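Q: Before reading any detail, I would like to know how to approach this entry. Where should one start?

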Amino acid sequence: MGCFTFIKVMMILFNLAIFLGGGTLLGVGIWVKVDGESFLDIFGALSSSVLQVVNVAYLLIVIGAILLVIGFLGCYGAQKESKCLLMMFFSVVLIIFIVEVAAAVVALVFTGLAETLLTGLVTPLLKDKYGVDATFTHIWNVTMTEVHCCGLNNYTDFDDSYFYKKYNSYPRQCCGDTVEICNGTLAAEKAVNGCFPQILEEIRTNAGVVGGVAAGIAALEIAAMAVAMYLYCRLDEK
């Protein structure tokens, strides 16, 4: 087996795995969107992770769809020896790589900006959907209970929310989960931390693991782009 054929086969198998992984994530994302409570019942131990703060379903669906596209372009492009598909594969991976680098820089250098953006995204959801959407409420209740936090930043995230207007109370987790009625005075006295600072602390504690995973993903992306460009250039010689 020549070098070109070997690399072509490896490219096909690698991207086939990406395609199948993307399909799996897409399926799980749809499952979470349709029946999030049963997902939490099965994977309850994961409820304290970062993914519980954002909309897990949409995140998994987007990532799964992107992986499906990348896997298809790489696998089919290598199999058919299509320069067009290989260049599209290279371009998509390059764009994702640039976005990841930019996101990492923002997260490391502009942590305050990242917090502001996340607050602007999540806080309105808390005000509008907590106590209204059963799945959303359940996810946040489990998260706040297991992480021992309240809201994204603190109890004030629930000011003027649907929940507060209806019950004239904050979620009981904002008072240490020790009372049924959590008023503003008690919430201020307990001063339970928000979930965002707790998650940041967890990420800092596991910074080595996070950095290692990020470096591994970056290395795979660079290797994928290099292989795609190698196949692209060799096709001119055939």
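A: Start with confidence, since this is a predicted model. The protein averages a pLDDT of 80, and 82% of the residues score at least 70.

Q: Where in the protein is confidence lowest, and where highest?

A: The lowest mean, 59, belongs to helix 2 (residues 36–42), and the highest, 87, to helix 7 (residues 162–167). In residues 45–51 the pLDDT is below 50, and this stretch has 13 contacts in the model beyond near neighbours in sequence. Where pLDDT is low, predicted coordinates should not be read in detail.

Q: How many residues does the largest nonpolar core have, and which have the most contacts inside it?

A: That core has 21 residues, and Tyr 130, Trp 140, Met 144 and Phe 158 have the most contacts inside it. Helix 5 (111–129), helix 6 (134–147) and helix 9 each contribute at least two residues. Helix 6 gives the largest share, 4 residues.

Q: What does Met 144 touch, leaving out residues up to four places away in sequence?

A: Its partners are Tyr 130, Cys 149, Cys 150, Gly 151, Phe 158, Pro 171, Gln 173 and Cys 195. Another core, of 18 residues, lies apart from the largest one and includes Met 11, Ile 70, Cys 75 and Met 225.

Q: How should one read the sign of phi?

A: Most residues other than glycine have a negative phi. Here Glu 81 has a positive phi of about 55°; Glu 81 sits in the loop between helix 3 (56–80) and helix 4 (83–109). Ala 191 also has a positive phi, of about 50°, and lies in the loop between helix 8 (184–190) and helix 9 (195–205).

Q: Why does Glu 81 count as partly exposed?

A: Because its relative accessibility is 27%, and partly exposed runs between 20% and 50%. Ala 191 is partly exposed as well, at 47%.

Note on methods: Residues numbered from 1 in each chain as written. Predicted model: local features only at pLDDT ≥ 70, side-chain atom pairs only at ≥ 80, totals over all residues. Heavy atoms only, no water. Buried < 20%, exposed > 50% of the residue type's maximum accessible area, 1.4 Å probe, protein only. pLDDT = per-residue confidence, 0-100. Contact = heavy atoms within 4.5 Å. Core = buried A, V, L, I, M, F, W, Y, C linked by side-chain atoms within 4.5 Å.
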